[in-house]
Structure formats: C-alpha cells, structure tokens
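Biologist: I am new to this structure and would like a close look at a single part of it, the open sheet and its surroundings. Could you take me through that part slowly, in one connected answer?

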Amino acid sequence: MILSLRKFLFVCFNLVGGVLMAQSQDSYTSVEAYSLFNEGDYLSAEKAYEYLLSKFSSNATYSFYYGACLLENNKDIPQAVRRLKYASVKNANRNVGFYLGRAYQLRYNFEEAIRQFSKFLQFSNDDSLKVKAQLYLEECKTGKTLSAKIYSLEILSRDTVKYNHLLTYYRPSKDVGQVMYNRDFFESGIEPTDVLYLTERGDEVYYSLNVDPEKENDLYKMEKLIDGWGEGVQLAGINSDKNDKFPFLLLDGLTLYFSSDREGGMGGYDIYKSIYDAEKKVFSEPVNMGIPFNSPADDLLFVTDEFNSVAWFASNRETNGDDWIVYQLSWNDGVVKSLVTDMNQVVQEAQLLLTEKMRLDKQAPAENKLLANALDSDVAFTFVVNDTITYTDLSHFNSRSAKDAFEGGMTLQLQKDSLSKEMGDKRRLYALTNSETQRSELVNEILKLEKQVYSLDGKIENQFFIARRTEQKKIDELVDAGQYLPSSQVVVEPDSKVESYKDLIPKTLTYYTDEKFEQQFAELELMYEKLFSAGEIEKLKLADSLFVWGHVLSLESSSLLEQSAKVEEQSVPVVSSPFRKKDEVEPEETSEAEGLIELSRKYRLDALKLYHFSMDKKYAVYTDKFNELELSSPKRDLSFLNAYREKANAYYRSATEMIGQDQYFNDERYERAGGLKKKGVSEQEDGLFAYLNLEEQGGIVLEQETVELEQGKEEHEELNEDVAQPIPEKVVEGKSPADAEVASDLIFKVQIGVFRNKPNEEALSAIPPISEVFIPAKGLTKYFAGEYASYTEAETQVSVVQAAGFAGAFVVVFKDGKQVNLTDEMKK
C-alpha cells in the first residue's frame, strides 16, 4: 500500500512538473515578446505574439508585431496583410505603414504598396526604415510596370535545396554548354562558390569577378587560345554599379541571360536578358524578364536547354535562411508574355505552382525522349564521321572495328538512358514523400545513380571518338587505293571534295628540310629510328616536313601583309558611269595592296591546312604505335602510357568537335583546333619518349621477371649503385634522418619521370619531398617523390604528382637502397 502511494505521488509530481515546464516554455509576457522582436529573434517573437494573441485576440499592438514577424520570417503573407491592416486601422504603431507596404509588395499589390510606403515616408522619423521604404517604393514602381504583361509558365518540378547545392537540380544537355561552380574551373583568385558558364565548344567562359573590393561583381568573358586561356575581358554595355552575376549564353552566341541586384529591379537579384550587337561589339540594354521569373526576393541563374525545350531558375521567394527552390519549366520560343486583366492572375502565376497536367512520362530524362524519337523514325541514328559524311545505318560502316566501337557506344548509351530514367523516378519520389527516413534512403540511391550515369559520359564519348577515327582512317585508305565507293544512303555534303596537301605545296616535294628543322627535330628522328619501321618513319618525316612548310607559308603570309601596308597606291581611281545596262556588271579594280592582302590570306589558310594534315598523320601513326606497344608486350607494366594516351585523345576530340560543329568555315576556330591537335600529338610524343627512357634504363620489366634484363644488366647494376639522395631544399625542416627511417626493409616512392634537364621548380614544389638518381651513362636523372612504408600509402600520392603536371607518375619500390621489381606480393 505504501509502495502504491509512493508511485502515485511520483506520477503526480511528474505530471505537475511537466505542466509547469510546458507553461514556462509556451507562455510569454508582452515585455518578453517585445524584447525578442527588438533583438531580431523573429522566430521566437512570432511564437510569443501568437501566444499573446491567443489570450488577447483584439489587441492591435500584438497584431502589428505578429504581422511584422510573419514578414521577417517570410511566412503566411496573406495573414500578415490581415494583421497589419487591422493594426493600421487602429493606429497601433507609427511604423505600420512600412510593414503593411512591404506585405502588399510581397503579394504583388504594387499600387497599395506604393500608397502605404508614400504615407510612411511622409510622416515617419525612423531614418533606417525610411531608407528601406524608399528602396521598396522604387521596386514597387518597377513591379507595377512589369505586372502589366507577364509570362504564364508550365512548371514541371520544384526542388528545395541549399544555396551551395543549387546546381544539383540543373540538368541541361551538354550540347548547350556547362554551368559549373568557379572552383571546378578556376584554381584560385575568384569566389569559388559563384557560378560560371562554359560554352558548348569549351572555348569561351563567362563568369563574374570582383576586381576592386570597393566595387561589386561585373561580368567577364575569357577565350581559349592555342597555348591556353587568354585574359578576362569585361563585357561591354551590360555591367552596372551593383552585382552582375550568373551568366548563361544561348547557342546563338548572342543572347545572354544573367542576374543582377541593380537599381530598377523588382527587388534583390532579378533575371535579365541582353542581346550582343556584333557590329558595335557591345551588349544591348538589359531587359528585366519580369513576372513570374522575378519577384521582390532573389531570383537568379536562368539556364535553358534549347534541345529539350526546358529551363531552370532559382528563387528564395518562398523560403527562409539558406533554402532555395529550383524551378524546372517548359521553355521555347513559343512562350510569350500576355496582358494582365486581373491582378489575381499575377499572384497566381508568381506562386509557380506545379502544372496539373504534368505526368511522369513528361518528366522522363531528355535522353530517353530523343532515343524514343530516333527509334520511331525511319532513321535509327545519325553518326557524323566528318564534316562531309554522315551515317544512318550500321551497313554504312567500311571498318568492322569502327562499327564494333560504335555499337559499344550505343550499348553504353542505352545503359545510361536506363539509369537516367531510374534516377528521374527516384527524384520525383523524393519530391512527393514526407518521410525523412525514406528521403535519406532516396538521397543515397540518387547519388549512387548519379555517379554511375556521369561515369558513362566519358566512356560513351570515347567509344564514338574511336569509331569516328577508325572509320576515317579506313576511308582514307580506300581513297588512296581508288576503291572508295560510299553507299547511296550515306549522307555526303554536296560540293565537297577531299583536299590534298599536294595542292598546297610544290609538286616536286618529297621531303622538305633545312638546318633549323634538323636541329629542332633531331630528338624526334632518334625516337623514330628506335620505335618505328621504315614505312612509318617515311610518313612521320613527311608530316614533319608539312609542318615546316606550313610555318614557311605562315611567315610568307605575315611578310605579304607587311608589304601591303607599305605599298603606295599608284593607279588613278576609276569613276563608275551612271549609265549602265541592267545586266552589265561594273568592272572591279584591284589594287596592288589588295592583291597582296588576298595572297596573304591564302597563304595563311594554306598554312593552317598543312598544320592539320601534319598533325593528323602523326596522330594516326602514334596511336597505332601506342596500341602496338601494349599488344606486343601484354606482361609489361605500361600503365603509365594511359595518361598520355587519354590526354592526347581529349585534345584531339576537342579539336574534332570544334571543327565539326561549325555550320560554316571559321578560320579562327580552325586555327585553335590546330593548336589543340598539336597539344595532343605532343602528349603522344612525351609518352613515347618516356617509354624509351624507361626501356633504356631497364625500368619497363616483365611482371614475373627479375630486374636484371639480359640486354641492359650491366647498365642497370650501374644505375642502382647509388642510393637515391634527397634534394636538400626539399627536405622537411625539423626532421632528423632518424625520423625518415622506415621500419620495413622496403621503401615505396612515386617515380616522377626521367629527365635530361631538371623539371620545373614550381611544379616540383607542389609535391612531396624529392629525391633523385643520376644515370651517368645516359646523362639522365630519375626523379622520385616521397618515401612510404606501404604501396597503398604511396599510391594515394600518385594523383598529387600527376596534378602537378607529371602525368606519367607511378609507384616504384626500393630495397637496400636499390630499385627492384614491384611485384603483386609487395603491393600487398
């Protein structure tokens, strides 16, 4: 009985304590509520005044502060309007006009907002609020003008996301370019979380930059040159005194969308549109996109996918703190503004609600739609071999290898489409569910699918590139043999012909050379002799000769251009007769200077063509050699060649795309593409030199063989007599030799490369401590990075060394101060 009584008292005590605790948390005095409001804690103040209104519902002062809290927290604006109107009627506070005006502004009732702000400015003595009121007043005037005609948008999705992850829900096709964070493009010197736009060809980037701490961000453009990126150039006619950011350029190369908080907007960041005037070389006066794209809050980052008729933009008009909503909508040239007859229409459109007729199949990934359209049509696919030949059927291929590569790419594309559809379904499910557990599970699944989908892009692109290059090589062989007969179904551009380098240089040329050429290419010829057959060497030397001829023509072009500037016009101007027959053509008079300029242009173009002929020939021969080296020595560790091969292919792929996507010939792009091809060929040559250097030193060995190769045994023993010594300036301060000792008898290092001259000091400074071994017989030096107790630890540093510019870096092992063969057992 006593025990039961104790239990009863214990329960009662806890119940009473719980009630008292709840009361202490949920009850507020007017002084406490005002203190919270005055401190700027509007969330707590909202709860406090909500409690007070539950006790004193007709108190106008409480209504005023509660309505003001709702505004500050961007919550339930219609109720804020009702509360503040009541407070205004009762004259509850001298600042009620300011808050009521702001509430009307957020509800797009601009006329009433203007009236309230004007009244407040006339009688208020609060200077800080008057500054804001004047700004809001101007924004309302703009909003009133823009609300006369608005867009009616079909909203496909609404996704809430943190600001730093905005791009998660932007999925434009790669054919329209790339939107990315600055940190993914620039290494330093620019705000990493801002967003830039890289054109579809990858040769221009548009970004925002703040060069002066006392000023705001301006929009800039940077172009890719042959030897790298040029200097940033400020966009003319478009920047303001405020922030101008988030650029996106349409495929026409003229229409630019961006966001700005400049004066004359609706509030915060607004989305603007401007057209580039190619003649004046300036952008037009930016046009505000209006409602519902823009609101009194921040609206930014408009991106459109012209191929799939969709667009995206982001806004914080409905959110608090760091939360934003990314809206996806249907968008094409047919979406236009319409006149507003009812102001309720403005409010309705500005809410950006999901369209009722939206169905799941309409949200399917764009790739699936395109694939379905292709399969439903008579043409199953369209494969561009070059700028004059397009295939639409597998039977069109002349090379079986090219056909196999193409089919492999199509198989990967189907895999990607399937994964993309699954990812889209899960994203839609994520948007519909309210379960935090299910959302967490879906996020992990979506991230996993994203990784799979995006990993396929490079593989697909590489398969199609191999197919295109292999087929082109086969066509060239058939053309040379006079056996090329394209199928009647193959799309061949009219008026196209295969141009030969023989049309650009003297007929008698077999191999052009001079003293400068011999000096420049002496090392190349040595490499040719060691790695290539006589027939291959002939092709390579011809390619080198063509390159020199191109250089000669380029110099001659410059010389002619200089001569044209010095030529004095001797001829008397010809006056046209006003009387001429209808079909009669007025005779043209060509001056000597014009003739020189025209010849200069011809030589320059011929030089560019020779550069391309030269690079194409070398690239094909080198590519075959890379494949031959791997196939002829399957047990050799030639993995370091892959880095050179991949970079070379990437450069050449970019060059091919740059040329093939132009609808008309563009000599500037053609020149830039030539520069990219040269970089690709240089990567191949660097890889072949690295192969030669390692082979000569015995560095390339069979996996199951000992280090002492029969052919180079004496040299190898000589190489390893010297223990690798650290370079003094690279030793980490504060560590004694004893600290550097490794308990294991094996020491793993990352081999940087073998060089005749010391590598770039700046590049070396970015990687772990350096050691080196000199090879007297060859006058070469091996460079290594770091010392590690395990293979796994060393392997993690390979990417660091490669990022510093040494793409061929790989892990090696030392035992008793000598480099030995790295076996699988050692790796474990």
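Modeller: Two strands are said to pair if DSSP finds at least two bridges between them, and in general the strands of a sheet pair through backbone hydrogen bonds, either parallel or antiparallel. Please keep in mind throughout that this is a predicted model. With that in hand, the sheet can be described as an open one of four strands, which follow one another in the order β2-β16-β15-β14 and pair in the antiparallel sense. Its edges are formed by β2 and by β14, the latter covering residues 299–305, and each of these two pairs on one side only. If direction is ignored, neighbouring strands of the sheet are turned against each other by 15° on average.

Let us begin at the edge strand β2, which joins β16 through seven bridges in the antiparallel sense. One residue pair can be picked out here, since a search in β16 for the bridge partner of I155 leads to L329.

From there we can follow the chain to the aromatic rings around this part of the model. The structure holds 46 aromatic pairs, and one of them is formed by Y163 and W324, whose rings are tilted, with 5.6 Å from centre to centre and 50° between the planes. This pair links distant parts of the chain, as Y163 belongs to the loop between β2 (155–162) and β3 (178–181), while W324 belongs to strand β16, 161 residues apart. Both Y163 and W324 are buried.

W324 also leads us to the next stop, N316, which is found in the loop between β15 (310–315) and β16 (323–330). Leaving aside residues up to four places away in sequence, N316 touches W324 and its neighbour D323, and it also touches N74, A297 and D298. Is N316 buried or exposed? It counts as buried, because its relative accessibility is 15%, and the cut-off for that class is under 20%.

One further detail concerns Y181, a residue that falls within the range given for β3 (178–181). The charged end of R183 sits over the ring of Y181, at 4.4 Å from its centre.

Taken together, the picture is of an antiparallel open sheet with β2 and β14 at its edges, of a tilted ring pair between Y163 and W324, and of a buried N316 whose contacts include W324.

Notes. Residues numbered from 1 in each chain as written. Predicted model: local features only at pLDDT ≥ 70, side-chain atom pairs only at ≥ 80, totals over all residues. Heavy atoms only, no water. Buried < 20%, exposed > 50% of the residue type's maximum accessible area, 1.4 Å probe, protein only. Contact = heavy atoms within 4.5 Å. Phe/Tyr/Trp six-rings, centres within 6.5 Å; stacked < 30°, edge-to-face > 60°. Lys NZ or Arg CZ within 6 Å of the ring centre and 35° of its normal. Axes fitted to C-alpha atoms, helices over the stretch in contact; angles between N-to-C directions.
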